[in-house]
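Colleague: I am new to reading protein models. Could you take me through one, feature by feature?

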Amino acid sequence: MAADYREEYIRILDETDNLYENEILRIIYGNAYGGKENPELVAALMERFPSVKSLMEADISELEAVNGMPANFALYLKTLNCINKFINKNEIFMTGTEQCFKVIAERFRGKDNEYVEMYLVNKNGKVTDIKVFTSHKANKVDISASEIFSVISSSNAYGLFFAHNHVNASVQPSFEDDDVTGKIAVACDMCRIKFFDHCIINSVGDKFSYVKSGRMSNVVKKYR
């Protein structure tokens, strides 16, 4: 294949919604062998396996049994599948407050500055995006109402969890914490996004939930 195979592959991959499975295999093989393609092997793989997913999940002995399969390419496919499993394993799900606390306990561990994170989730609770804010100060992060609305209105999310850490301090919310909670509630109402909770954790692992404490409803009433 010509030396510009990368440009062709990039162009095709940019249109992933319209890719056929044999095209995916063609690109995987070509990428592994510097643009040299093997249409006979691609055809044999498509005949042996009903889908790319089943091919990637096959045992290496099954792959090597396909006529014309190079041993190195079978290993290459297994490596790609391993990477895919690793990525999926590290997906974050939040369907409730306790899951949120579990995530932020790890993410905020050892932080010397205050961080604010917004977790945007789909209907299944999968975190589709994380927005991080920090002023690199130990006790303050300033987020404007316009920043909040910009993130929420452009997210196309089903719902969100809001969380931040208190460094060497109590987890009891401040006036600023209440204020940002109210602003988020208003923005979520306008964009028809569920606001699940605002969670706070400190350096020693103490936790505070706006929802579980009953503070959420009281704060939100003042802003709606």
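**Reading the model**

Modeller: Start with one pair: Asp-129 and Lys-131 join their side chains in a salt bridge, 3.0 Å from N to O. A salt bridge here is a side-chain nitrogen of Lys or Arg within 4 Å of a carboxyl oxygen of Asp or Glu. This is a predicted model, where local features need pLDDT of at least 70 and side-chain atom pairs count only at pLDDT 80 or more, while totals for chains, interfaces and linings use all residues. Residues are numbered from 1 along each chain as its sequence is written, and side-chain values use heavy atoms, with hydrogens and water left out.

Colleague: Are Asp-129 and Lys-131 buried or exposed?

Modeller: Learn the scale. Buried means under 20% relative accessible area, exposed over 50%, and partly exposed in between (1.4 Å probe, protein chains only). Asp-129 is partly exposed at 31%. Lys-131 is partly exposed too, at 30%.

Colleague: How many salt bridges are there by this rule?

Modeller: Side chains of opposite charge can pair when their charged atoms come close. The count here is 11 salt bridges. One of them links Glu-91 and Lys-126, with the closest N and O atoms 3.0 Å apart. Glu-91 sits in the loop between helix H6 (71–89) and helix H7 (97–107), and Lys-126 in the loop between E1 and E2, so the pair ties together parts 35 residues apart in sequence. Helices (H or I, at least four residues) and strands (E, at least two) are DSSP runs, numbered from the N terminus. Salt bridges can also form a network, as with Glu-8, Arg-26 and Glu-37.

Colleague: Which residues of helix H9 meet in a salt bridge?

Modeller: First, the helix rule. An α-helix has 3.6 residues a turn, so residues three or four places apart point the same way. Now the case: Asp-179 and Lys-183 meet in a salt bridge of 2.9 Å, N to O. They are four residues apart in helix H9 (residues 175–191), which puts about one helical turn between them. Lys-183 is partly exposed at 27%.

Colleague: Which residues of helix H1 are buried?

Modeller: In H1 (residues 5–13), Tyr-5, Tyr-9 and Ile-12 are buried. They cover an arc of only 65° around the axis, so they lie on the same side of H1. The arc is that of the directions from the helix axis to the C-beta atoms. Helix H2 (21–32) is included in what covers these buried residues.

Colleague: Now strands. What covers the faces of E1?

Modeller: In a regular strand the side chains alternate between the two faces of the sheet. In E1, Tyr-115, Glu-117, Tyr-119 and Val-121 are on one side, Val-116, Met-118 and Leu-120 on the other, and all are buried. Seven of the seven residues of E1 (residues 115–121) are buried, so the rest of the structure largely encloses this strand.

Colleague: Which strands pair with E1?

Modeller: Two strands pair if DSSP finds at least two bridges between them. E1 and E2 (residues 127–134) pair in the antiparallel sense over seven bridges. Met-118 stands opposite Lys-131 in E2. E1 and E3 (residues 159–166) pair in the antiparallel sense over six bridges. Here Tyr-119 stands opposite Phe-161.

Colleague: What is Gly-159 in contact with?

Modeller: Contact means heavy atoms within 4.5 Å. Gly-159 belongs to strand E3. Leaving aside neighbours within four places in sequence, its contacts include Tyr-119, Leu-120 and Val-121. Gly-159 is buried, with a relative accessible area of 0%.
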